[in-house]
Amino acid sequence: MHILRLALCLLLAPYNASAKEKESIDPAVVHANANRGGPISYREGYFGSGDTRLHYVEAGKGPLVILYHGFPSFWYSWFDQMEALKGGYHVVAVDGLGAGLSAKPKALEPYHVSRLAEQVDALARHLNGNKRFTLIGHDWGAALAFAYAQAYPKRLNAVIGMSAPPYNQFLDLVRRSTEQQKRSQYMQLFQKVTLDDIQERKLTELIWQQSYGSLIARGDLTHDEGALFRSALSDPLAINGGMNWYRANMPPISEITAATYWPRGKTHIRVPTLLVWGEEDGTFVPEFLVKLTDYAPKVEILRLPGINHWTPMEQPRVANTAIEHFLSRHSRPNNR
């Protein structure tokens, strides 16, 4: 749910990729392996088929940690976290539905948070059987991760969200706060943007520049990494797929009712919970941090001074240290 300020039936069996798809066709994987620290390499895979197919990148062995990005991004936004964690965990970064090399369905139903949570659960069972795992999300990925924790409490060891509240808390904020309504106006505008608009107005380049230009200028991303993000966003279908998350999950404010929430109301997150928050992020009204305990009574909140929305990539060492410490306490099977 990044503030850009611009005015299904799931297949539970693993997807049998073609020979071409089994090759390392993602240049970001090549880049990651060329710039990795240590001997542990990155490999890519696919799960599902058709409109449910997910592309993911994995490394390491140990307890499973799935990382899910937001808009407008793709799996590589988690490279720093994967580097930090791959020595002790099986880390899997997903190209979210509609992004990267994952499927980009035009229908909105597959993008509803309930369907996305089902897809995450199916992927986790494919990778890890019925064992518990840890889910980390950023932006829309965080809203999804928290919602998954609410709906599937017995599947997780822990959950970490970066830069966003739970999905149903966000709906409540939009419903009740005029200030949040102002900050979220761009989401309603996305409802009107068409694929033709994306192409004709060259929104792929504009969104890339607004999202990643400052990160490159500050040195948080190298120019080569910036080029990877530009390539991932160059397909208008990827931008349209990202906007489909908003179209599927953000009804007009007047139509938000108790039936819109998923899961219902203020369902508590009962697993250990960490929120990583950049104090310069203006996407959400500050009251969400105070009221987060209504949804996650035992949440730990890490505030990052001077950091904006891109908490996985903006000076990631502090966040990574906190994530490693949190996981060491909560992600191991003998801790549950």
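A residue counts as buried here when its relative accessible area is under 20%, and as exposed when that figure is over 50%. Keep that cut-off in mind for Asp139: its relative accessibility is 1%, so Asp139 is buried. One caveat before going further: what you're looking at is a predicted model.

Asp139 is a good place to start on the backbone, too. Its phi is near 60°, a positive value in a residue other than glycine. If you want to find Asp139 on screen, go to the loop between strand 5 (133-138) and helix 5 (140-151). Lys202 also breaks the usual pattern, with a positive phi of about 55° even though it is not a glycine. Lys202 sits in the loop between helix 9 (195-200) and helix 10 (203-218). With a relative accessible area of 61%, Lys202 is exposed, whereas Asp139 is buried. As background, most residues other than glycine have a negative phi, and most peptide bonds are trans.

That brings us to the peptide bonds. Phe71 and Pro72 are joined by a cis bond, with omega about -5°. Pro72 belongs to the loop between strand 3 (64-68) and helix 3. Another cis bond links Trp262 to Pro263, and there omega is about -15°. For Pro263, look in the loop between helix 12 and strand 7 (273-278).

Now swing over to the hairpin. Strand 1 (residues 43-47) is mostly covered, with 4 of its 5 residues buried. Its partner is strand 2 (residues 54-59), and the two run antiparallel over 5 bridges. Phe47 stands opposite Leu54 in strand 2. Between the strands of this hairpin there are 6 residues, and Gly48 takes a positive phi near 85°.

The hairpin also has a charged contact across it. Glu58 and Arg43 form a salt bridge through their side chains, at 3.7 Å from N to O. Glu58 lies in strand 2 and Arg43 in strand 1, so the pair ties together parts that are 15 residues apart in sequence. How covered are the two ends? Glu58 counts as buried at 12% relative accessibility, while Arg43 counts as partly exposed at 37%.

Over the whole structure, a search turns up 13 salt bridges. In general, side chains of opposite charge can pair when their charged atoms come close. One of these pairs is Arg125 with Asp121, whose side chains meet at 2.9 Å, N to O. Arg125 and Asp121 are 4 residues apart in helix 4 (residues 113-128), so about one helical turn separates them. Arg125 is partly exposed, with a relative accessible area of 35%, but Asp121 counts as buried at 8%.

Helix 13 (residues 287-291) has a pair with that spacing as well: Lys291 and Glu287 are 4 residues apart, or about one helical turn. Their side chains meet in a salt bridge of 3.4 Å, N to O. Lys291 is partly exposed at 42% relative accessibility, and Glu287 is also partly exposed, with a relative accessible area of 32%. As for wider connections, salt bridges that share partners join Asp121, Arg125 and Arg155 into one network.

Finally, the empty space inside. The largest cavity holds about 110 Å³. Its lining has 14 residues, and those nearest the centre are His69, Gly70, Phe71, Ala99 and Gly242. You've met Phe71 already, as the residue joined to Pro72 by a cis peptide bond. Which element gives the largest share of this lining? Helix 12 (residues 236-249) does, with 4 residues. By class, the lining has 8 nonpolar, 6 polar and no charged residues.

The second largest cavity has a volume of about 40 Å³. Its lining consists of Tyr76, Ser77, Trp78, Phe79, Asp80, Leu221, Glu225, Phe229 and Met313. Helix 3 (79-85) and helix 11 (223-233) each contribute at least two of the lining residues. Here the classes come to 6 nonpolar, 1 polar and 2 charged residues, whereas the lining of the largest cavity has no charged residues.

Conventions
Residues are numbered from 1 along each chain as its sequence is written. This is a predicted model: local features need pLDDT of at least 70, side-chain atom pairs count only at pLDDT 80 or more; totals for chains, interfaces and linings use all residues. Side-chain values use heavy atoms; hydrogens and water are left out. Buried means under 20% relative accessible area, exposed over 50%, partly exposed in between (1.4 Å probe, protein chains only). Two strands pair if DSSP finds at least two bridges between them. A salt bridge is a side-chain nitrogen of Lys or Arg within 4 Å of a carboxyl oxygen of Asp or Glu. On a 1 Å grid over the protein atoms alone, a cavity is a set of points where a 1.4 Å probe fits but cannot get out, and a pocket is an open set with protein on both sides within 12 Å along at least five of seven lines; lining residues have an atom within 4 Å of a point. Grid points are joined across faces, edges and corners, and a volume is the space filled by probe spheres set on the points. Ala, Val, Leu, Ile, Met, Phe, Trp, Tyr, Cys and Pro count as nonpolar, Asp, Glu, Lys and Arg as charged, and the others, Gly among them, as polar.
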